[in-house]
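Welcome! Let us take a walk through this structure together, one stop at a time.

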Amino acid sequence: MSVQTVSSTAVAHALTALRANRPLVHCLTNEVVQEITANVLLAAGASPAMVVAMEEAPVFTAISGALLINTGTPYPERVAVMKACAQAANDHGVPWVLDPVAAGATPWRTQAIRELLALKPTILRGNASEILALAGSGKGGKGVDSTDDSRTALSAAQRLAEETGTVVCVTGPVDYATDGKRTLSIAGGNVMTTLVVGTGCSLSSLCAAFAAVEKDPVNAAISACTLAKYAAGTAAKHAKGPGSFHDEYLDALYLVQPEALTVGDAA
Amino acid sequence: MSVQTVSSTAVAHALTALRANRPLVHCLTNEVVQEITANVLLAAGASPAMVVAMEEAPVFTAISGALLINTGTPYPERVAVMKACAQAANDHGVPWVLDPVAAGATPWRTQAIRELLALKPTILRGNASEILALAGSGKGGKGVDSTDDSRTALSAAQRLAEETGTVVCVTGPVDYATDGKRTLSIAGGNVMTTLVVGTGCSLSSLCAAFAAVEKDPVNAAISACTLAKYAAGTAAKHAKGPGSFHDEYLDALYLVQPEALTVGDAA
Amino acid sequence: MSVQTVSSTAVAHALTALRANRPLVHCLTNEVVQEITANVLLAAGASPAMVVAMEEAPVFTAISGALLINTGTPYPERVAVMKACAQAANDHGVPWVLDPVAAGATPWRTQAIRELLALKPTILRGNASEILALAGSGKGGKGVDSTDDSRTALSAAQRLAEETGTVVCVTGPVDYATDGKRTLSIAGGNVMTTLVVGTGCSLSSLCAAFAAVEKDPVNAAISACTLAKYAAGTAAKHAKGPGSFHDEYLDALYLVQPEALTVGDAA
């Protein structure tokens with residue numbers, strides 16, 4: 001299947017819409033990355049809210065612009081809330097994103113992620129090892145880190161998208177978003193993102209934010225990837241290590257003008 | 001009711017006392033802002049401790065200088081611990097602060113916050129939408145973000161303070177602290193604080209730290225607001241975006257000399 | 001007992017091995033410091049993963065290079081997971097580190113820590129007040145902060161190491177690692193580390209990372225201390241306060257060349 005490079009105009013349009021609407025993004029994410037996830041959404045122009053109790057979370061999903069579900073540190077009670085919120089999102093037409101952190105790492109986790117995936121997220125965003133694990137191929141990552149290149153997972157991503165009816169976004173040196181038929185890609189970014197926890201997790205939250213304002217989930221996902229790659233590339237020019245990179249990344253997300261959002265062509 | 005601008009001398013005195021005493025602040029806060037809350041307290045001169053189990057948290061409250069309760073990510077087990085700690089604080093004469101995050105967002109949350117408020121915190125610190133929701137007026141915020149200006153919530157804050165016997169601190173472009181009769185205010189700060197998660201939550205932790213060393217809770221609350229506005233104004237001069245603002249804010253909290261704590265006059 | 005200054009050559013060797021192997025470090029840590037712990041491990045060259053559910057955590061320990069257990073915010077369900085993971089580590093020959101945060105602060109916490117210590121961690125890493133509390137002496141710290149100097153806890157650390165068969169690492173102005181017979185030490189660092197939450201907790205995670213690649217736990221612990229002290233000393237030269245120190249610390253962990261790892265002689 002052919003792969004098209006993302007359109008800068010479409011991404012600029014999506015970012016403009018994001019900032020104009022400031023969508024409320026309900027985040028059910030892991031224990032490690034809650035702060036950076038909130039800060040990435042705020043810097044980009046969205047409004048994050050973490051609401052976690054079964055007593056209120058599904059109600060909150062229904063009034064949100066989008067929902068993020070991230071399985072970095074799942075446990076049974078929180079997985080139950082995730083499922084209830086995914087159902088609420090489906091019932092109320094709220095787009096939602098599943099970040100299947102460390103899919104394949106343990107059987108219990110992989111099963112929990114498969115059950116969430118069966119609820120048909122709007123977008124599934126993962127690294128190559130995670131997407132390969134869910135597509136039934138691959139040998140699994142190293143904990144939460146990918147041991148595969150995103151390019152090797154493209155055909156698995158396309159197949160998984162067709163089978164599940166979910167847009168699949170696989171990220172790495174090149175990012176892809178595909179519905180199984182149409183595939184958009186963006187290259188660039190910087191390897192320093194792998195040394196700052198939460199850059200991948202918060203990219204999934206950006207996918208949710210864009211899905212709140214852009215009806216086509218392939219466009220929404222690749223817009224998020226383009227913004228993140230632009231910010232990473234900009235940050236890397238100013239940072240001397242992962243500590244300063246973290247702050248430069250947030251600053252770049254905040255400062256970028258929509259029309260400047262060009263990164264590299266995909267390989 | 002008349003509103004007085006805060007006295008720089010009183011605030012300088014309070015900050016000097018804070019740094020001399022380094023009070024232990026027991027924090028029961030939300031999942032998102034624990035790190036920035038601890039770092040804000042450390043930078044300002046207090047000693048934070050997050051202790052969360054029912055088996056030990058009330059015991060720990062009793063030996064702390066002050067208690068913070070923040071409802072950003074409540075769930076039943078944690079709310080039960082919050083209530084037990086609030087009771088322990090009352091029993092042992094430990095001042096405590098309630099930050100009613102997203103009051104009004106869902107019925108369950110609002111009810112939990114009302115039950116905590118019934119335990120009579122020393123200080124209630126919230127944004128305009130939260131204070132309006134608890135005062136029975138207002139249309140609610142957008143998730144955790146305020147959609148109202150602090151100035152529109154002043155009379156509701158004063159009424160709520162009189163009704164509950166709690167000092168109410170409502171913050172935004174202008175911050176107010178009131179016991180219903182006496183109201184102090186401080187203006188200034190910077191809008192960048194709305195783009196960094198936890199600046200409001202950690203301001204509540206500063207209210208607790210000041211309440212540990214300053215007997216008058218109106219003075220304690222407005223001292224915390226003045227310190228936070230000073231740090232935000234200073235940080236904004238050096239930061240290029242929310243990433244660098246976060247660090248500059250912590251540095252400013254640490255570097256400020258008490259006698260330098262003048263911000264602007266309230267509008 | 002005599003105390004030897006650490007060998008720079010041994011530490012350089014350990015850091016080279018760490019970066020070459022990029023060990024997977026399973027972290028069961030507290031709610032406050034999860035992000036900085038992950039970022040410290042990534043910056044130093046390890047691969048962190050936080051996996052917390054009873055259903056998968058012990059399975060994950062078994063495939064990890066090392067395990068960290070930190071009792072900053074314990075509660076019964078999480079303590080049960082910690083015990084199961086400690087047992088899994090013992091069963092599979094995975095080295096593990098116990099960070100007994102605020103040992104002595106409450107009876108319930110101290111008892112939970114004693115039960116974990118009875119499972120025989122490879123390394124016990126704490127501040128002076130914590131080590132004194134576990135050795136049955138000392139008057140306890142102030143919440144999570146030490147009120148004692150590491151030098152006053154050395155003999156208690158040596159006795160505790162002999163009694164428990166665990167290498168004890170007590171840190172502060174001077175850091176010591178001892179098995180009760182052999183004691184290595186390193187001085188230096190910077191007091192600014194006490195104003196950034198998680199520097200101690202993440203030092204324990206570095207002990208775990210080094211234990212994954214260095215068989216002798218005394219060498220592993222003192223290598224972690226040396227790296228942390230070097231990074232703190234370097235960061236302090238560039239930082240103006242705790243906000244900028246945090247980022248400089250991460251940058252220094254990332255940038256340091258193994259052969260540059262000399263700090264000061266111990267007092």
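What follows looks at an annotated site in one chain and then at the meeting of two chains.

A few ground rules help. This is a predicted model, in which local features need pLDDT of at least 70, side-chain atom pairs count only at pLDDT 80 or more, and totals for chains, interfaces and linings use all residues. Residues are numbered from 1 along each chain as its sequence is written, chains are lettered from A and ligands numbered from 1 in the order in which they are written, and side-chain values use heavy atoms, with hydrogens and water left out.

Our first stop comes from a record: an unreviewed UniProt entry places the feature "binding site" at R125(A) and T171(A). UniProt positions are given here in the numbering of this model, feature names are shortened, and annotations may be inferred rather than shown by experiment. The two residues span 47 residues in sequence, yet their C-alpha atoms are no more than 7.5 Å apart, so they gather at one spot.

Take R125(A) to begin with. You will find R125(A) in strand β6 of chain A, residues 123-127; strands are DSSP runs of E, at least two residues long, and helices are runs of H or I, at least four, both numbered from the N terminus. With 5% relative accessibility, R125(A) counts as buried (under 20% relative accessible area, with exposed over 50% and partly exposed in between, using a 1.4 Å probe and protein chains only). Beyond its neighbours within four places in sequence, R125(A) has contacts (heavy atoms within 4.5 Å) that include D99(A), C169(A), T171(A) and C207(A).

Its partner T171(A) sits in strand β7 of chain A, residues 167-171, and is buried too, at 10% relative accessibility. The side chains of T171(A) and R125(A) make a polar contact at 2.6 Å; within protein, this term means a pair of N or O atoms within 3.5 Å, one able to donate a hydrogen and the other to accept it, and residues adjacent in sequence count only if both atoms are side-chain atoms.

Now step over to where the chains meet. Here 29 residues of chain B are in contact with 29 residues of chain A. Across this interface there are 3 salt bridges (a side-chain nitrogen of Lys or Arg within 4 Å of a carboxyl oxygen of Asp or Glu). E56(A) forms a salt bridge with R109(B), with the closest N and O atoms 2.8 Å apart. On the chain B side, α2 (34-44), α5 (107-117) and α10 (242-255) each supply at least two residues that touch chain A, and α10(B) gives the most, with 5 residues.
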